[in-house]
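Here is a short report on side-chain interactions. It covers charged pairs, aromatic rings and one serine.

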Amino acid sequence: MKKILNCLFLTMLFASCVNHIEEELQPTSTKIVNFNIGFDIENGPMSRALSDYITGIEVFDYMGGEEKTHISQTSTESGFGSVQLDAAFGTHQLVFVGHNSGSCEYDGEKLSFDKVTDTFTYTTQLTVDNKTGSQDITLARQVGKLTLFVNDAIPEKADKMILTVKGYSDELNPETGKGNNSFEYTKEWSIGGHVGATKSNYNLYSFIPNDGYEVDVNIRAVNTDGEDLYNRDVTDVPLRKNQQTTIRGSLFTAGMTASISVSFQWDETITMPL
């Protein structure tokens, strides 16, 4: 009887060890994937630190149309630009965003922000398994920049500079790289504290809904009584992704003949008469 009990004990011990070994040999169902994030600036490689261009990074991880993970980084964190994702085995749809906004959200179709700033994205489909290694991510700029450059001095009693853009876009489809909407947007700057200043500039960013895109811009400056110091419409202003369009002229000098030039930072210059 004692021998039988000993055999049963040894059999149970052996089975337990086999089960433990089998559990250890089972492959894991997730993998830590490292992403190294950088981007191209203008027509050449990035020559400065990542944090010189963007203050935030977002990584949105989707599987089968469902969000699995959202990782946020700020430029004040150590290791900014290096992201670790604990990814389940399978196919992931990944959206990477570099931006300077206060907040960035993604609903599986479009990116939205509290305000549009210089913005870069990269999308990819990645199948994760035991062999998946580190990934290098190169972000691409997705906005056009519109600048109003005023040559002459800001007059006394000046209060606000106002730009109204018809055709502005503040949502992005990261799959296509195109703006997801188009509407009339107004941005104001206080200029009362800059009386006498010359060569002032006013900037805003917009996503681009399609190639060859154009917007209409109203330029308005008002005094402290709400009266117009300058009010002018500029139509058919081209906006291009990864390019800066500059509207340049003298707004306040009486009798001054001027022109508005719409210039592409890397391509051509188009002069639009006032």
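Is Lys-160 buried, partly exposed or exposed, judged by its relative accessibility? Lys-160 counts as partly exposed, at 32% relative accessibility. The cut-offs explain the label, because partly exposed covers the range between under 20% for buried and over 50% for exposed. The model is predicted.

## Salt bridge between two strands

Lys-160 has a charged partner. Its side chain meets that of Glu-188 in a salt bridge, at 3.4 Å from N to O. This pair links distant parts of the chain. Lys-160 sits in strand S12, residues 158–168. Glu-188 sits in strand S15, residues 183–190. The two residues are 28 residues apart. Glu-188 is partly exposed too, with a relative accessible area of 46%.

## Other salt bridges

The search of the whole structure finds 7 salt bridges. Among them is the one between the side chains of Asp-107 and Lys-110, at 2.7 Å from N to O. Asp-107 has a relative accessible area of 44%, so it is partly exposed. Lys-110 also counts as partly exposed, at 24% relative accessibility.

Another salt bridge joins the side chains of Arg-220 and Asp-228. Here the N to O distance is 2.6 Å. Arg-220 is partly exposed at 27% relative accessibility. Asp-228 is partly exposed as well, with a relative accessible area of 40%.

## Aromatic pairs

The count comes to 9 aromatic pairs. One of them is Phe-60 with Tyr-106, whose ring centres lie 5.5 Å apart. Why is this pair tilted? The planes of the two rings stand at 55°, so the pair is tilted. Tilted pairs fall between the stacked cut-off, under 30 degrees, and the edge-to-face cut-off, over 60. Phe-60 lies in strand S3, residues 56–63, and Tyr-106 in strand S7, residues 104–106. The pair therefore ties together parts that are 46 residues apart in sequence. Both Phe-60 and Tyr-106 are buried.

Tyr-168 and Tyr-185 form a stacked aromatic pair. Their rings are 4.2 Å centre to centre, with 15° between the planes. Tyr-168 lies in strand S12 and Tyr-185 in strand S15, so this pair ties together parts that are 17 residues apart in sequence. Strands S12 and S15 also hold the salt-bridge residues Lys-160 and Glu-188, respectively. Tyr-168 counts as buried, at 4% relative accessibility. Tyr-185 is partly exposed, with a relative accessible area of 25%.

## A cluster and a charge over a ring

Which residues form one aromatic cluster with Phe-35? Phe-96 and Tyr-122 join Phe-35 in that cluster.

A charged side chain also meets a ring. Arg-248 lies over the face of Phe-149. The distance to the ring centre is 4.4 Å.

## Surroundings of Ser-206

Where is Ser-206 found? Ser-206 is in strand S16, residues 200–207. Its relative accessible area is 1%, so Ser-206 is buried. The side chain of Ser-206 reaches the backbone nitrogen of Ser-169 at 3.1 Å.

What does Ser-206 touch, leaving out residues up to four places away in sequence? The contacts are Val-116, Val-143, Gly-144, Tyr-168, Ser-169 and Leu-239. Tyr-168, on that list, is a member of the stacked pair with Tyr-185.

Definitions and conventions. Residues numbered from 1 in each chain as written. Predicted model: local features only at pLDDT ≥ 70, side-chain atom pairs only at ≥ 80, totals over all residues. Heavy atoms only, no water. Salt bridge = Lys/Arg side-chain N within 4 Å of Asp/Glu carboxyl O. Buried < 20%, exposed > 50% of the residue type's maximum accessible area, 1.4 Å probe, protein only. Helix = DSSP H or I, 4+ residues; strand = E, 2+ residues; numbered from the N terminus. Phe/Tyr/Trp six-rings, centres within 6.5 Å; stacked < 30°, edge-to-face > 60°. Lys NZ or Arg CZ within 6 Å of the ring centre and 35° of its normal. Polar contact = N/O pair within 3.5 Å; in protein donor to acceptor, adjacent residues only side chain to side chain. Contact = heavy atoms within 4.5 Å.
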